[in-house]
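Trainee: I've got a model open and some labels I'd like to see justified. Can we go through them together?

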Amino acid sequence: MNGLAQAALWSLVALPAGVGALLAFDRRADRLAAPVALTVATGSVALSAVVGVARPRVAAPFLAGTEFALAVDGLAALVLPMLTVVTLLVLLAAAGEIRRSRARFHGLMLLFAASVALTATAATLPTLLFAWEIMGAASYALIGFWWRDSDRVSAGLTAFVTTRAADLGLYLAAGAALAGGAGLALRDLPDSSPGWRHLIAAGMLIAALGKAAQLPFSFWLSRAMAGPSPVSALLHSAAMVAMGGYLLLRVEPLLATTGWAGPATMWAGAVTALLLGAVAVAQRDLKQLLAASTSAQLGFVVLAAGAGGIAGGATHLIAHAATKALLFLAAGAWLTALGTKQLAGLRGVVARWPWAGWTATVGALALAGMAPLSLWATKDEVLAAALEQSPWLYAVGLAASALSAAYAGKVLVVIWRRVPPDQQADVDAHRDEEETATRRVGVLQQAPLVALAIGAGFAGLLALPPVGATVARTVGQPEKFHVSLPELGVSAVIALVVVLAVARRPIPEPRWALHWLGLEPAARVLVVRPTLRCAEALARFDDRVLDRAAVALARTVLSLSRRAGSFDDRVLDRGVEFASARTLRMAARAGRADDRWLDGAVEAFAAGMRRLGQFARRPQTGQLYQYYLQAVVVLLVGVVVLVVLG
């Protein structure tokens, strides 16, 4: 059984990676791409169930003192099935939405899924770095998938460069771990020497905040919305962004040992949840609203990691994945059908497409934190962990929770409110403004919404008794699980009051938050422009100093070579001519010696070898009995020699 589980763990990564690579580079596979990808994704769901139960560990030699190792612990056993199921449902929706370059799209999605599975199971830093790099590269290719559109490619490049800048923290952590002496296994990082341990924690924190789109890196997620909607539904709900929070949950023991990293992580998550919640409230584009809410909701996961609430963070991660994948897919279906994702153009869509509308309603209510849906319970478990650390932290979390209800309520009002006849023209004016509309939502686009709505509705059971206690034991924190009915009641009342208030009167949109807090312009001013100016200054230094020095050196060498050539003509050539004459005389003498002595010796040796060959051919008669006789003679001679020598 253990061998089967280990093979399943290798296959969980290798199968989608291999098939994805074949599809991504074979343009002739467009017709088969979707069925093949769905088959592989279905197999991955089964494999994740096997490894989640068996929890194997596999390793291969990699570097001196460390391995390329994968392991499934309690946290990975919870998250892996969620990742594979969401991947399968998103690919099913993509089969009905992506019409061009299907092989490349599904191949890249499978490669990305493989890198996420590898990230979730990485047991050593080399494995994590390998998976982290592939995940970043695949996300860049997927965000800029429609590469003929320069704006989309630019958006992918912004996302890639921003996350890559944060990823340098992971290399800092790896270098510090080598210097710290405890090894490169993730479970051994807390045992590093105290000084290096702080650098490891700082590097991990920076890399995770970048991937999770937390402040100050959040703006890249806004640009990433230029990618296809299935890409947003996977990368920015259950996979890439989620992996930032997941990494912090994995290294929570390391954060706790430093003294400062835990509180810093908590406040980074709490402030992001609050401010990006305000950004979401200000948005008028549905995908931008969902993107900002993703950063805000991942802020709760980061908060849980800093507070030591691994179970609460894991359950919130799972519930958020189902909820946000549902809403992103619904937004993509409406974008395909109506040609717009502007809220002003989506008014009353529930009446037109009831299946998509009702399932999106479940997702929006869950996002609002309405009882008894999923994020209500999981968010409260995170807030309970925050309350144990600081009442101020809990207050910030409650305010962020209220903002969640506000932006989710804003979506509900838009999709449910009927359009008066005199305003229909204003709504219709937004049709086809972003792409050519199909005026239909296909079956393949709607079918995954039902399954995700079930997850958004019932995933909260993971944070409630009796399942919640089992989850806490699974992640190794049985003492951390507790349910506070007053806190659950407070969260439910806040969500209900805010949603009802939004339904009665439109909420004010904070203009200061409309453009994502000005983070991207600030990054340009503080990072991009100084970097470009530094590059330009170095280029000028290269042109004016280094190039001139190289040219001057070359001229000096040429001048010296000319002088050397003149000396060669005057002195050395005469010496060479004199030496050549003497050499010719010596060569003539050596030639005569060669003819007389060496050639004769060679000919005598050749004649001897010919005679020896003739003698050796005589026993080769082709008669088998003669060969046996010769073998007997050889054996007898050998026996005699042994006896004599003995």
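Mentor: Sure, let's take the labels one at a time, keeping in mind that this is a predicted model.

Trainee: To start with the overall picture, how many helices and strands are there in the protein chain?

Mentor: The protein chain has 24 helices and two strands. Of its 646 residues, 51% count as buried.

Trainee: Why are helix 16 and helix 20 called roughly parallel?

Mentor: Look at the angle: the axes of helix 16 (residues 354-368) and helix 20 (residues 443-458) cross at roughly 25°. Angles under 35 degrees count as roughly parallel, so that is the label this pair gets. The two axes come within 9 Å, and the crossing is left-handed.

Trainee: Which residues make the contact?

Mentor: Helix 16 brings Trp 355, Ala 356, Thr 359, Val 362 and Ala 366. From helix 20 you have Gln 446, Leu 449, Val 450, Ala 453, Ala 456 and Gly 457.

Trainee: What kinds of residues are those, nonpolar, polar or charged?

Mentor: Eight are nonpolar, three polar and none charged. Watch the glycine when you tally: Gly counts as polar.

Trainee: Now Thr 336 in helix 14 (residues 310-338). What makes Thr 336 buried?

Mentor: Its relative accessible area is 12%. Buried means under 20%, therefore Thr 336 qualifies.

Trainee: And what does Thr 336 touch?

Mentor: Leaving out residues up to four places away in sequence, Thr 336 touches Glu 97, Glu 435, Thr 436, Ala 437, Thr 438, Arg 439 and Gln 445.

Terms used. Residues are numbered from 1 along each chain as its sequence is written. This is a predicted model: local features need pLDDT of at least 70, side-chain atom pairs count only at pLDDT 80 or more; totals for chains, interfaces and linings use all residues. Side-chain values use heavy atoms; hydrogens and water are left out. Axes are lines fitted to C-alpha atoms, for helices over the stretch in contact, and angles run from 0 to 180 degrees between N-to-C directions. Helices (H or I, at least four residues) and strands (E, at least two) are DSSP runs, numbered from the N terminus. Angles under 35 degrees count as roughly parallel, over 145 as roughly antiparallel, 65 to 115 as roughly perpendicular and the rest as oblique. A crossing is left-handed if the near helix is turned anticlockwise from the far one by less than a right angle, and right-handed if clockwise. Contact means heavy atoms within 4.5 Å. Buried means under 20% relative accessible area, exposed over 50%, partly exposed in between (1.4 Å probe, protein chains only).
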